[in-house]
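Visitor: I have a structure open and want to learn how to read it. Where do we begin?

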2 protein chains.
Amino acid sequence: MSKNPLSANFRLGFLGGGQLARMSALQAFRYGIQVGVFSDRPENEPVQFMTPHSQTGSFESADDLSAFARSCDVLTLENEFIDSDVLSRAQEASGTPIYPSPQTFALIENKLIEKMTFEQAGIAVTPYALVEDEEDLKSFGTDHGWPCLLKSSKGGYDGFGNETVRDLEEARAAFDRLGGNEGRDIIAEAFVPFTHELAVQVARNETGHVVYPCCETVQENHICVALKTPAPVDPSIQKEARRIAAQAAEAIDGKGLFAFEFFLTREGNLLLNESAPRPHNSGHYTIEGCITSQFENHVRAVLGLPLGSAKLRRPAVAMINLLGDSKRDAQVDQALDALRVSDGHLHIYGKLDSRPGRKMAHYTLLGEKLESTYEKARKVTQEISI
Amino acid sequence: MSKNPLSANFRLGFLGGGQLARMSALQAFRYGIQVGVFSDRPENEPVQFMTPHSQTGSFESADDLSAFARSCDVLTLENEFIDSDVLSRAQEASGTPIYPSPQTFALIENKLIEKMTFEQAGIAVTPYALVEDEEDLKSFGTDHGWPCLLKSSKGGYDGFGNETVRDLEEARAAFDRLGGNEGRDIIAEAFVPFTHELAVQVARNETGHVVYPCCETVQENHICVALKTPAPVDPSIQKEARRIAAQAAEAIDGKGLFAFEFFLTREGNLLLNESAPRPHNSGHYTIEGCITSQFENHVRAVLGLPLGSAKLRRPAVAMINLLGDSKRDAQVDQALDALRVSDGHLHIYGKLDSRPGRKMAHYTLLGEKLESTYEKARKVTQEISI
């Protein structure tokens, strides 16, 4: 990119207009950069309220994406569900660079290729296999025991596209539901008994890379509900997770912000479980918790700017996801106590509709001790309803 | 206001679309709030790039303001140049509340009324007098000595509407230029020899008030070029400035964010010099420097939400204004060194055109010691051109 991104009328385009794009867009604005958004939803997406430059179309159409790309100087993505081939064609046709690159997406969009890529880089991943028929399901179960996980190799997110199966019969049914009989690649993953789920973000571009602290993600029903930073595990484990995360970002030649999720097994081993080529829920705590947030470093990374420090501002940071409780107009109630807490920070995503389990907002609390900070964050957010 | 401001489709309207509204709007977005902007400029204002909801019209027209107000749930202002009477009529006609209130504006929009209001509250202000003719100019010069300052009682900003005059002849000419012979109220202010110019922000609403640290504003040619926080003066002086600032916000029954500027005289006395009923350049350091920024507390205050802590994050904060160097398309060059500094934060306002002395961006650096932090901030921003 030859144009100085810090010049008038420079426009960063987001493919996808949800909360991740929104929080990145807020940082782009901080650099005086204009924001465009492309979505397959005609209106009411969080970023659509933040810019006069919205376009709609199909994520499957290289033509639609190209038309949008031509109105922007750089494009970035807030999810990994656009086919890398479509991205590649849109980039080619428009001449507008897309970061992370379509090549990086090609390595990460398919769980099978992703795992092979990381394994080739010497990174331990959750044991897995491509399962193409009942025979494969059976032999995976025999080798790794039940229960195990079946995952669609493309398009999974927050428990969608994933199923835990306890025996061959459940496996057969899930295989079918996930589209295995319609030609979709399904992979089986061993069920790994773990003590903690950990996550690390990495920002990386041609100027270098920055690795965030290692946090613990607290999950309920496959949805992240809270974060603890630094993760309450031995510092040597944190260090190792951060080392692997940097290695993984390099393995996919990442330019942008990447999140890596790990299982810490009972034996104390780290297995790379998931990766995301974008700012991630596990990095929301960085907005106030770190000197430079994941969103700011994402913007810096895709624009080719030097990256900022990822150091923690205070010794402990807790983040609570605030999920929708029912299908209704979005409205945050009982949040005043949380606003009153010093160094407690409320973020609301501007979605118009609430739904059970939908990510609507989050709350970050900085403190001195991890457990008491986490307990306080849970307590003051307990009554909040959205 | 009965509607919960944290509900879907709540819209905060800004009268004025410059950098102060822009930085406030970024905080409104953080609460999921939508943003509207009203400007007398048809396009290309910083906030106009951040929302699909822009309207243009005249700031002198209550009808124009009412039409905009009807599209919003609350209005706020980024400058003090709209007549309080017009605000009052727009509020009445639209039913949309304006904060700070037109009543507060009525006390602050006219420098004469402002000074009388603060004096009545027991606050020492710079010695002044309304001057209506040559006789008044002469007697003010005799009483307080030359040089002195002549100010238009309405509409002054960053040296505009202010003139330093060294004798009666200069005073006569300035009186004429400032509109004294066309019926404009002109006040004369004694030239106060001071050691420091200080500033304090106060956020205030029905839930309480919060007072920010006392900072020093470094001025060149009547334009603020830098800030040092905490101000390098005795802690008792800082404390007194903060006490007076809280008192001043109360004297005007302020709901919103207010900035108060003081002279610290050679004798060690504090004189209230200027006040602003809005986020202010002297509070830009609070974005990263304080737990809750002036912009966030401004949004909280006008929405009636509890206010956040104004404590400093680190012992020292320096802020450098980055001013335009010539008339040209805005472009920030030589900023990469500043981006590389840990806890250095660059903010660019998204203005399309640069002009000599125009406020285009700022840079904040947090550190441990004030002087070295300030020196470093100056050094890494020295080569930046906009």
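Guide: With the interface. This is a predicted model. About 3,900 Å² is buried between chain A and chain B, and carbon and sulfur atoms give 57% of that area.

Visitor: Why quote an area?

Guide: The size of an interface is often given as the accessible area lost when the parts come together. Contacts add to the picture here: 47 residues of chain A are in contact with 47 residues of chain B.

Visitor: How many salt bridges are there between chain A and chain B?

Guide: The count is 4. One salt bridge pairs Arg313(A) with Asp343(B), whose closest N and O atoms are 2.6 Å apart.

Visitor: Which elements of chain A give two or more residues to the side that touches chain B?

Guide: They are α1 (19–30), α11 (336–340) and β17 (344–348). The largest share, 5 residues, comes from β17(A). By class, this side of chain A has 23 nonpolar, 14 polar and 10 charged residues.

Visitor: Now the binding site. Which residues does UniProt list?

Guide: An unreviewed UniProt entry lists several, including Lys151(A), Phe191(A) and Glu274(A). Take Glu274(A), which lies in strand β14 (residues 270–276) of chain A. Leaving out residues up to four places away in sequence, Glu274(A) touches Lys111(A) and Lys151(A), among others. The side chains of Glu274(A) and Lys151(A) are joined by a polar contact of 3.1 Å.

Visitor: Why is Phe191(A) called partly exposed?

Guide: Because its relative accessible area is 45%, and partly exposed runs between 20% and 50%. Phe191(A) sits in the loop between β8 (186–190) and β9 (194–205) of chain A. Beyond its neighbours within four places in sequence, Phe191(A) contacts Pro147(A) and Cys148(A).

Methods. Residues are numbered from 1 along each chain as its sequence is written. Chains are lettered from A and ligands numbered from 1 in the order in which they are written. This is a predicted model: local features need pLDDT of at least 70, side-chain atom pairs count only at pLDDT 80 or more; totals for chains, interfaces and linings use all residues. Side-chain values use heavy atoms; hydrogens and water are left out. UniProt positions are given in the numbering used here, feature names are shortened, and annotations may be inferred rather than shown by experiment. Helices (H or I, at least four residues) and strands (E, at least two) are DSSP runs, numbered from the N terminus. Buried means under 20% relative accessible area, exposed over 50%, partly exposed in between (1.4 Å probe, protein chains only). Contact means heavy atoms within 4.5 Å. A polar contact is a pair of N or O atoms within 3.5 Å; within protein, one must be able to donate a hydrogen and the other to accept it, and residues adjacent in sequence count only if both atoms are side-chain atoms. Buried area is the accessible area (1.4 Å probe) that two parts lose on being put together, summed over both. A salt bridge is a side-chain nitrogen of Lys or Arg within 4 Å of a carboxyl oxygen of Asp or Glu. Ala, Val, Leu, Ile, Met, Phe, Trp, Tyr, Cys and Pro count as nonpolar, Asp, Glu, Lys and Arg as charged, and the others, Gly among them, as polar.
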